[in-house]
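User: I've got this model open and want to talk through a few spots in it. Can you take me round?

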Amino acid sequence: MRQRVDNRRVDTDTDLARGRACYAAEAWLDAFEGLSAADGVTPMGPDDLELLARSAYMLGRDDAYVAGLERAHAMWLDADDVPRAVRCAVWIGHSMLFRGHGARASGWFSLGERLLKADGRDCVERGYLLIPVWLSQMGGGDWQSGHATATEAAEIGERFGDADLVWLARDEQGRALVNLGRVHEGLRLVDETLVVVDSGALSPIVSGIVYCNTIVFCRDLFDLSHEREWTDALTRWCERQPQMVAHNGLCLVHRAEVLQYGGAWAAALDEARRASEHFARGVLNQIACGQAFYRQGEIHRLRGRPAEAEDAFREANRRGFEPQPGFALLRLAQGNDEAAAATIRRAVSEHTRELERAALLPAYVEIMLAGADVDAAAEAAHQLGAIAEHQDSAVLRATAAYGVASVALAKGDATAALTAGRRAWHAWQELGAPYEAARARVLVALACRSLGDDDTSALELQAARAVFAELGAGPDVAHVDSLARGGPDRDTHGLSARELEVLRQVVGGASNRQIATALAISEHTVARHLQNIFGKLGVSSRTAASTFALEHGLVELRGQE
């Protein structure tokens with residue numbers, strides 16, 4: 001009997017040593033298995049339980065993570081180490097918060113506060129208890145208070161030499177500063193954070209949080225250069241830990257977005273599929289799944305695969321990620337202008353924060369122009385430009401310039417369209433976004449054609465088509481081919497493709513109701529198209545418009561839907 005007990009102790013010691021060594025080597029699965037085996041024979045102390053819990057976190061095993069921390073919390077209390085018990089309570093609450101268990105999260109945070117108040121010691125955990133405070137403040141848009149709270153936490157972290165707290169807080173300070181309009185100051189803090197997290201100075205869990213939070217922040221800020229650098233850094237960090245699961249899904253989604261911007265659509269689609277198919281464990285990966293399906297939908301939409309795009313958008317929505325503006329643009333591509341307009345109007349009205357609106361306004365401009373609501377498109381383009389200047393964002397400036405050029409073309413102001421179109425083209429080129437740059441070149445081509453410079457127009461269309469063909473952007477290739485054949489923008493007196501279709505119906509004697517039925521749009525939209533047609537042709541009646549169309553051969557041209 002004595003020998004059996006000794007053997008079990010030797011086995012336990014071996015498993016424990018192996019688990020600790022694997023944890024240090026960031027071999028998370030081996031660490032989890034070794035520590036679990038040791039704990040299964042002889043319950044471990046709180047230090048090792050925390051190692052077990054953190055290993056579970058890195059594997060996306062959220063329940064095991066919380067269970068380990070709960071046991072460690074109780075043991076630290078038994079040992080009268082209140083600060084360590086409170087640290088466990090903070091991370092349990094943090095996990096609960098991001099898993100949608102608000103009441104339990106609040107309970108753990110409140111418990112931590114009560115324990116520290118009763119204990120009376122000055123400790124770094126007081127700074128950790130500020131994490132849920134700044135999360136609530138910034139989540140509610142109170143950036144000033146959030147910045148003050150994060151600053152206080154960073155100072156506490158510095159006083160106790162706790163790098164994790166310092167850089168969690170400083171990263172949030174940077175986010176708050178940017179949202180307060182102090183963009184350059186905020187991004188300097190973000191850059192400094194990248195150097196620190198890349199050096200390995202932070203713990204694994206905090207490193208992952210900082211990487212993912214900052215990339216989302218840069219993406220929401222439309223800061224493509226920072227998003228690329230942070231995503232590259234996160235990718236290297238993930239590759240050093242082949243057994244990690246927790247952050248891989250988000251990493252792949254971020255990579256997919258960066259690759260799509262860079263024109264590597266096939267690779268982007270592969271990364272998005274990997275994220276949705278292989279990394280579903282853990283709350284972070286569950287969040288990533290919805291984003292991964294949205295990214296797949298966007299690539300399918302741009303490649304002209306509407307059925308695949310719709311399936312992906314619907315799956316993204318099922319996973320809790322609203323598939324906008326991609327779904328509205330899909331409806332537009334399918335010729336359902338009214339559904340597209342209703343969806344994008346609802347989405348824009350629902351989002352009041354300027355960066356959230358900035359993500360929707362480019363699609364709003366495009367959809368409003370398709371529905372002949374030039375005034376609404378112009379107002380949206382103006383809003384986008386104002387946001388771009390406030391945020392000092394190169395991506396938003398390029399997007400706003402494209403919107404201005406599109407509106408100018410719709411108004412028949414080819415000179416303004418040319419100026420804004422070239423500005424958009426050069427900006428997208430500098431950002432390394434070939435698809436967006438090619439779309440801008442199409443606007444440049446149309447503006448040149450309207451100004452009588454057919455040779456330059458042809459050159460621009462040819463250059464844009466080559467990019468679209470290389471990317472596999474089938475709908476754009478077809479559109480450029482139509483324009484090159486003398487499609488909807490040649491000798492149309494400024495009429496858009498949809499306006500030409502309406503005019504053909506008018507020449508055929510159709511009423512507004514009949515036109516609406518034939519083109520699957522509302523009578524209100526038909527009336528707005530007619531108003532624009534009359535204005536562009538300089539006529540005041542359906543009869544005069546029909547006569548003008550027949551005399552100038554407009555009804556023989558085929559519009560590009």
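Analyst: Sure. One term to start with: a residue counts as buried when its relative accessible area is under 20%, and as exposed when that is over 50%. Also keep in mind that this is a predicted model.

User: Is alanine 150 buried or exposed?

Analyst: Alanine 150 sits in helix H9, which covers residues 143–160. Its relative accessible area is 0%. The cut-off is under 20%, so alanine 150 is buried.

User: Which residue 22 places along the chain has its C-alpha 6.4 Å from that of alanine 150?

Analyst: Leaving out residues up to four places away in sequence, alanine 150 touches Trp134, Met138, Ala169, Glu172 and Gln173. One of these contacts is also the residue you're after: the C-alpha atom 6.4 Å from that of alanine 150 belongs to glutamate 172.

User: Why does arginine 301 count as buried?

Analyst: Arginine 301 is part of helix H16, residues 283–302. Not counting residues up to four places away in sequence, it touches Ala309, Gly326, Leu329, Leu330 and Pro475. Buried means under 20%, so arginine 301 makes the cut with a relative accessibility of 17%.

User: Which helices help cover the buried residues of H29?

Analyst: H29 runs over residues 523–537 and spans 21 Å from first C-alpha to last, close to the 21 Å expected. Its buried residues include Val526, Leu530, Ile533 and Phe534. Just past the helix, glycine 538 has a positive phi of about 70°. The cover over those buried residues includes helices H19, H20, H21, H27, H28 and H30.

User: How many nonpolar, polar and charged residues line the second largest pocket?

Analyst: That pocket has a volume of about 270 Å³. Of its 15 lining residues, the closest to the centre are Glu50, Arg54, Arg87, Trp91 and Ser203. Helices H3, H4, H5 and H12 each supply at least two residues of the lining. By class, the lining comes to eight nonpolar, one polar and six charged residues.

User: Which residues touch the most other members of the largest nonpolar core, and how many residues are in the second, separate core?

Analyst: The largest nonpolar core holds 167 residues, and those touching the most other members are Tyr65, Trp230, Ile344, Ile367, Trp428 and Phe468. Beyond four places in sequence, tryptophan 428 touches Tyr261, Val395, Ala398, Thr399, Ala433, Glu436 and Ala437. The second, separate core includes Leu503, Leu519, Val539 and Leu554, and its count is 20 residues.

Definitions and conventions:
Residues are numbered from 1 along each chain as its sequence is written. This is a predicted model: local features need pLDDT of at least 70, side-chain atom pairs count only at pLDDT 80 or more; totals for chains, interfaces and linings use all residues. Side-chain values use heavy atoms; hydrogens and water are left out. Helices (H or I, at least four residues) and strands (E, at least two) are DSSP runs, numbered from the N terminus. The expected span of a helix is 1.5 Å times one less than its number of residues. Buried means under 20% relative accessible area, exposed over 50%, partly exposed in between (1.4 Å probe, protein chains only). Contact means heavy atoms within 4.5 Å. On a 1 Å grid over the protein atoms alone, a cavity is a set of points where a 1.4 Å probe fits but cannot get out, and a pocket is an open set with protein on both sides within 12 Å along at least five of seven lines; lining residues have an atom within 4 Å of a point. Grid points are joined across faces, edges and corners, and a volume is the space filled by probe spheres set on the points. Ala, Val, Leu, Ile, Met, Phe, Trp, Tyr, Cys and Pro count as nonpolar, Asp, Glu, Lys and Arg as charged, and the others, Gly among them, as polar. A nonpolar core is a set of buried Ala, Val, Leu, Ile, Met, Phe, Trp, Tyr and Cys residues joined through side-chain atoms within 4.5 Å.
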